[in-house]
Amino acid sequence: MDRSDPAYRGQADYTALLLKLYDPIVLGVVAGLVWRVPPEALLDNYRRNITDRHLEIGPGTGYCINRSGLPPGSPVTLLDPNQNVLRHSTQKLAAYDVTAVEADVLKPLPVAGPFESAGMNMVFHCLPAPLTRKARAIQNIAAVLSPTGTLFGATILGRTGNHTWLGRRVLSAFNRQGGFDNLGDSEDGLRQILEASFEQVEIQIVASAAVFQAKRPKRMAQS
């Protein structure tokens with residue numbers, strides 16, 4: 001991804017070294033201590049919604065897919081603008097029939113759908129603000145889902161989120177650094193974006209995070 005692209009900062013920190021440390025540090029210490037989001041809250045969302053025709057946006061280390069109960073050999077398409085992420089997650093998900101696609105979710109997706117499910121776990125808060133720009137990502141995902149497809153995932157909320165003293169300071173620091181761009185992200189804003197592209201939307205607040213699922217993409221989102 002070009003350094004001048006607004007989405008560059010949100011994915012630039014995912015180096016090969018960080019990805020090796022990601023599960024114990026980010027999913028363990030940061031998610032648990034700072035955001036108070038237990039892994040089971042994320043995994044339950046995957047186990048309920050993942051299908052054997054799955055698209056994963058921002059796969060990270062493949063942690064949730066590997067623990068989702070998806071049968072080995074199932075086709076999984078991984079989409080990310082960062083080659084480090086694609087290499088690492090492809091290796092971790094070797095039990096599946098993986099297709100890796102280097103692409104930006106804010107642009108029309110160069111993938112062969114339709115998919116029955118799409119995961120977007122801890123990605124939304126890294127996308128460049130404002131929410132109107134982030135809405136493009138939801139529209140682009142909806143466009144490659146089947147009429148009965150589901151988009152699901154989780155994101156850290158901005159200033160209006162249920163943060164602790166520590167969480168608010170980490171939130172501000174991550175936004176200053178550029179890894180996050182989510183100070184204006186709210187539950188209501190997320191719901192409006194999802195409802196613009198999907199018929200049925202559910203959001204559960206888990207401490208600092210919004211865990212969501214959106215079903216049945218609207219026809220207008222697929223045009």
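These are my notebook entries on the cores, the odd backbone spots and one glycine in this predicted model.

**Setup.** I'm working from a predicted model, where local features need pLDDT of at least 70, side-chain atom pairs count only at pLDDT 80 or more, and totals for chains, interfaces and linings use all residues. Residues are numbered from 1 along each chain as its sequence is written, and side-chain values use heavy atoms, with hydrogens and water left out.

**Cores.** I looked up the largest nonpolar core (buried Ala, Val, Leu, Ile, Met, Phe, Trp, Tyr and Cys residues joined through side-chain atoms within 4.5 Å) and got 33 residues. Buried here means under 20% relative accessible area, exposed is over 50%, and partly exposed is in between (1.4 Å probe, protein chains only). Leu-79, Leu-109, Met-120, Ile-141, Leu-151 and Leu-194 have the most contacts inside this core. I then checked which elements give two or more residues to it: strand 1 (54–57), strand 4 (115–121), helix 6 (131–142), strand 5 (145–156), helix 8 (187–197), strand 6 (198–206) and strand 7 (209–217). Helix 6 supplies the largest share, five residues. For the record, helices (H or I, at least four residues) and strands (E, at least two) are DSSP runs numbered from the N terminus.

There is also a second, separate core of 30 residues, with Leu-27, Leu-43, Cys-64 and Val-211 among them.

**Leu-151.** I pulled its contacts (heavy atoms within 4.5 Å), skipping neighbours within four places in sequence. The list includes Ala-118, Met-120, Ile-138, Ile-141, Leu-194, Phe-198 and Phe-212.

**Backbone oddities.** Most residues other than glycine have a negative phi, and most peptide bonds are trans, so I went looking for exceptions.

- Gly-113 and Pro-114 are joined by a cis peptide bond, omega about 5 degrees; Pro-114 sits in the loop between strand 3 (97–102) and strand 4.
- Ala-129 to Pro-130 is cis, with omega near 5 degrees, and Pro-130 is in the loop between strand 4 and helix 6.
- Arg-36, not a glycine, has a positive phi of about 60 degrees. I find it in the loop between helix 2 (16–34) and helix 3 (39–49), partly exposed at 30% relative accessible area.
- Ala-207 has a positive phi of about 55 degrees. Its loop runs between strand 6 and strand 7, and at 15% relative accessibility I log Ala-207 as buried.

**Gly-184.** Buried or exposed? Exposed, at 55% relative accessibility. I located Gly-184 in the loop between helix 7 (165–177) and helix 8. Beyond neighbours within four places in sequence, Gly-184 is in contact with Leu-131 and Arg-159. Gly-184 and Ala-129 are 55 residues apart in sequence and 7.7 Å apart in space, C-alpha to C-alpha.
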